[in-house]
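Me: I've got a model open and want to know what stands behind the labels people put on it. Can you take me through a few?

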Amino acid sequence: MNWIKDAFLDVAVLLIIIILSYFKYPALEIILWVYTILLLLSKILAFFVGFLQSKVSNTNVPEWFYHVIYISSIALLVYVKFYYLGTAWFLIWILSAVYSFKSKGQS
């Protein structure tokens with residue numbers, strides 16, 4: 001359970017999505033958009049930048065945890081009709097899965 005501190009930010013963002021689904025605060029939506037864009041950019045760059053590849057590979061968080069976080073985020077965002085954010089999170093999930101399969105194939 002030592003990996004929970006590595007996943008703290010992901011859990012915090014899921015909590016922000018949950019709060020946003022109940023109380024549509026514009027400030028939370030802006031924070032979520034900024035985080036989503038940065039996360040999407042980092043997922044894309046992870047394919048090309050060696051430093052990010054080593055950071056991604058250096059985590060102790062189980063893969064299933066990220067799948068649960070991503071599918072929960074997508075489901076909540078689509079449920080509250082934030083379709084663009086839901087699509088961005090779907091892309092994040094797909095890129096993560098592709099990178100995971102790619103890195104497993106190389107090892």
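Reply: Sure, starting with a side-chain pair: Ser96 and Lys43 are joined by a polar contact of 3.1 Å. Bear in mind that this is a predicted model, where local features need pLDDT of at least 70, side-chain atom pairs count only at pLDDT 80 or more, and totals for chains, interfaces and linings use all residues. Residues are numbered from 1 along each chain as its sequence is written, and side-chain values use heavy atoms, with hydrogens and water left out.

Me: What makes the link between Ser96 and Lys43 a polar contact?

Reply: The term needs a pair of N or O atoms within 3.5 Å, and within protein one must be able to donate a hydrogen and the other to accept it; residues adjacent in sequence count only if both atoms are side-chain atoms. The side chains of Ser96 and Lys43 come in at 3.1 Å.

Me: Why is Ser96 called buried?

Reply: Buried means under 20% relative accessible area, exposed over 50%, and partly exposed in between (1.4 Å probe, protein chains only). Ser96 has 16% relative accessibility, so it counts as buried.

Me: How do you know that the span of helix 2 agrees with its length?

Reply: The expected span is 1.5 Å times one less than the number of residues. For the 20 residues of helix 2 (residues 26-45) that should be 28 Å, and the end C-alpha atoms are 29 Å apart, so it agrees.

Me: Which residues of helix 2 are buried?

Reply: Leu28, Leu32, Tyr35, Thr36, Leu39 and Leu40. They cover an arc of only 135 degrees around the axis, so they sit on the same side of helix 2.

Terms used. Helices (H or I, at least four residues) and strands (E, at least two) are DSSP runs, numbered from the N terminus. The arc is that of the directions from the helix axis to the C-beta atoms.
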